Structure formats: structure tokens, C-alpha cells
Amino acid sequence: MSTAAENSPVLRCEDIEVSYGAFKAVTNVSYQFKPGLLYGLIGPNGAGKTTLMNALSGRAQLSNGRVFLNEEEITGQSPHARTWAGLGRSFQITQIFAEMTVFENLRLAAQAHRFRLQPFWRPVGKFKEIADDAERVLSEIGLEGFGHVNAGSLSHGDQRALEIGLALLSEPKVLLLDEPLAGVGHDVAEKAVELIRKVSQGRTVLLIEHNMDVVMEISDEIIVMLAGEILAAGEAETIKRDPRVRTAYLGEEE
Ligand SMILES: Nc1ncnc2c1ncn2[C@@H]1O[C@H](COP(=O)(O)OP(=O)(O)O)[C@@H](O)[C@H]1O
Ligand SMILES: [Mg+2]
């Protein structure tokens with residue numbers, strides 16, 4: 001049995017366009033993201049993947065189109081408002097406080113989230129809850145032994161995991177990940193893929209990733225962009241066989 005809420009998209013965009021002067025980085029993009037699925041967003045460099053993600057998260061201004069989160073229009077909303085509404089985006093390394101410990105980084109993000117849920121001036125004994133949140137995510141991202149380590153001295157792969165952890169503390173229903181495996185060594189990538197798989201449980205994930213094997217393996221649905229538009233979308237097997245996709249990637253194959 002399914003209800004209307006289960007069937008309705010958790011995130012939806014309608015005829016989105018992002019222009020830089022006369023150049024359209026994203027155009028004509030309409031898509032419905034269903035609850036609980038992992039979407040792989042692929043396409044050649046410059047195809048508009050990051051711009052589309054920015055358009056969804058509120059970091060790029062639309063020259064046309066609308067965005068809906070749980071069928072509520074969020075088109076004009078700030079990135080912060082969208083985060084609060086459940087649209088999370090992985091932090092970038094530069095947003096990690098390198099001089100602070102891994103735990104302190106997580107604790108700050110947890111605090112920001114808790115204090116938003118309940119005004120800070122209320123007499124609350126929330127510090128334990130905040131520490132518990134941080135502790136839970138620390139173990140979720142597989143960094144249990146590293147809580148006391150300065151974030152800046154983590155390996156690159158572990159920093160990327162921390163970025164995901166910081167995003168998790170806002171309890172996103174939809175999580176946007178722009179190349180979370182970029183620069184991560186082959187040995188660590190497998191661990192990172194497992195982490196993405198794990199955090200996608202019970203939420204919708206939109207993942208930009210260059211490694212085709214990874215994308216094909218973990219995505220429920222794949223969206224292919226080319227020249228600012230969606231060229232094709234569907235399950236891995238369908239996408240692999242699509243002649244338009246093959247053409248778009250000619251000369252791009254690794
Ligand atoms: N702030 C910007 N100003 C001008 N052009 C931009 C800007 N951001 C992106 N672009 C251009 O938009 C196109 C799509 O970029 P991007 O979304 O980063 O592609 P992708 O993530 O698929 O590699 C590229 O041609 C890029 O140069
Ligand atoms: Mg990009």
C-alpha cells in the first residue's frame with residue numbers, strides 16, 4: 001500500500017535555468033527526485049552538474065524555473081533556509097575548522113542544529129544531547145578513534161568523511177554531494193563508497209561523481225547532463241546502453 005506522500009517527489013525542479021550573461025550553464029531542467037533513492041549525476045566537465053546542484057541548494061540564482069521541497073516552493077529561499085527545511089549539502093574542506101578537533105567540528109554543527117530547533121534562550125540542558133549527536137555521527141562516519149585529532153591533520157579521505165558528517169548533523173532528508181570522492185585514493189574510495197551507501201539509507205541523495213564504476217554500482221537512478229541539459233535519465237543498465245550517452249562520453253572515457 002502506498003500513500004500520496006510516499007509517491008510524491010521529495011525534491012522537484014521545474015524548467016530550471018541558470019545564466020551567466022548570455023551563457024546558459026543550466027537550461028530546461030525539470031526533474032522529480034523520489035524519496036529514499038540515490039541519484040548519480042554524471043556528465044562531461046562543464047556540463048552544468050555543479051551549477052544544477054547549486055540551483056537546487058540556493059547557491060546559484062535562477063534565471064528561470066522553480067524548485068520544490070516536499071511540494072513546497074523554495075525557489076526564493078536562502079541556502080540556510082533550505083538546509084533547515086531538510087535540504088543538506090556536504091560542506092567543503094575549507095569549511096572545516098582545521099585547528100579544532102574532529103569532535104569539536106561535529107559538536108559545533110550539532111549545536112547549530114539543536115539551537116535552531118529550540119531557541120537558545122530557553123533553559124535547556126542540551127549540552128549532553130549535542131555531545132551525543134556529535135558522538136553518534138563520529139561513529140557513523142567511521143572516525144571513532146579520531147575525535148581528539150585536529151581536523152586539519154586528518155587524511156584527505158577522512159576529511160571528506162568529516163564533511164559528510166557535518167552535513168548529517170542538520171538531519172537532511174535530501175543530501176547533495178558534489179564529488180565527495182575527489183582526490184580520495186583508490187584504497188580509501190571503497191570505504192567512502194560504503195559511507196555514501198550508508199548515509200543514503202532513509203534519505204534521498206544526489207551524488208556527482210566521475211568514477212563511472214562507482215556511479216553505476218551505487219545509484220538507483222542516473223541522470224546524465226550535457227551542455228546544461230539533462231540528456232538522459234534512468235537505471236544504470238539503460239544508461240549504459242543509451243547511444244546518446246555513449247556519444248556524449250566519446251573521448252571522455254578513462
Ligand atoms: N560563476 C560562474 N560564472 C560564469 N560561468 C560559470 C560559473 N559557474 C559555472 N560556469 C560555467 O558553467 C558551465 C557549467 O559549469 P559546472 O556546473 O561547474 O559544470 P560541471 O560541474 O558539470 O563540471 C561551465 O561552462 C562553467 O565554466
Ligand atoms: Mg562540477
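# Ligand shell, domains and sheet

Colleague: Which residues are around ligand 1?

Modeller: Tyr20, Ala25, Gly43, Asn45, Gly46, Ala47, Gly48, Lys49, Thr50 and Thr51. A residue is near a molecule if its C-beta atom, placed from the backbone, lies within 6 Å of it. The model is predicted: local features need pLDDT of at least 70, side-chain atom pairs count only at pLDDT 80 or more, and totals for chains, interfaces and linings use all residues. Residues are numbered from 1 along each chain as its sequence is written, while chains are lettered from A and ligands numbered from 1 in the order in which they are written.

Colleague: Which helix gives the largest share of that shell?

Modeller: Helix H2, residues 49-57, with three residues. Helices (H or I, at least four residues) and strands (E, at least two) are DSSP runs, numbered from the N terminus.

Colleague: And how does the shell divide by class?

Modeller: Three nonpolar, six polar and one charged. Ala, Val, Leu, Ile, Met, Phe, Trp, Tyr, Cys and Pro count as nonpolar, Asp, Glu, Lys and Arg as charged, and the others, Gly among them, as polar.

Colleague: New topic. What domains is the protein divided into?

Modeller: Domain 1 is 8-86 + 174-254, and domain 2 is 90-171. The bounds come from an automatic or database domain assignment. Their C-alpha centres lie 25 Å apart.

Colleague: How many residues does the contact take from each?

Modeller: 15 from domain 1 and 12 from domain 2. Contact means C-beta atoms, placed from the backbone, within 7 Å.

Colleague: Which elements of domain 1 supply at least two residues each to that side?

Modeller: Helix H3 (79-84), strand E7 (174-178) and helix H7 (186-199). H7 has the largest share, five residues. By class, this side of domain 1 has 10 nonpolar, three polar and two charged residues.

Colleague: E7 again. Why is it largely enclosed by the rest of the structure?

Modeller: Because four of its five residues are buried. Buried means 20 or more other C-beta atoms within 10 Å of a residue's own; exposed means 12 or fewer, and partly exposed is in between, with C-beta atoms placed from the backbone.

Colleague: What does E7 pair with?

Modeller: E6 joins E7 through three bridges, running parallel. Gly88 has Leu175 of E7 as its bridge partner. E7 also pairs with E8 in the parallel sense, over five bridges. There, Val174 stands opposite Thr204 in E8. Two strands pair if DSSP finds at least two bridges between them.

Colleague: What is the strand order in the whole sheet?

Modeller: E6-E7-E8-E3-E9-E10. The sheet is open, with six strands and mixed pairing. The edge strands are E6 (87-89) and E10 (229-234), each pairing on one side only.

Colleague: And E3 to E8, how many bridges?

Modeller: Four, joining E3 (residues 38-42) to E8 (residues 204-208), which run parallel. Gly40 has Leu207 in E8 as its bridge partner.

Colleague: Backbone check. What is phi of Asn70?

Modeller: Near 50 degrees, a positive value in a residue other than glycine. Most residues other than glycine have a negative phi. Asn70 is in the loop between strand E4 (64-69) and strand E5 (72-73).

Colleague: Why does Asn70 count as partly exposed?

Modeller: Because 17 other C-beta atoms lie within 10 Å.

Colleague: And Glu171?

Modeller: Phi of Glu171 is near 50 degrees too. Glu171 lies in the loop between helix H6 (156-168) and E7. Glu171 is partly exposed, with 14 other C-beta atoms within 10 Å.

Terms used
Contact = placed C-beta atoms within 7 Å.
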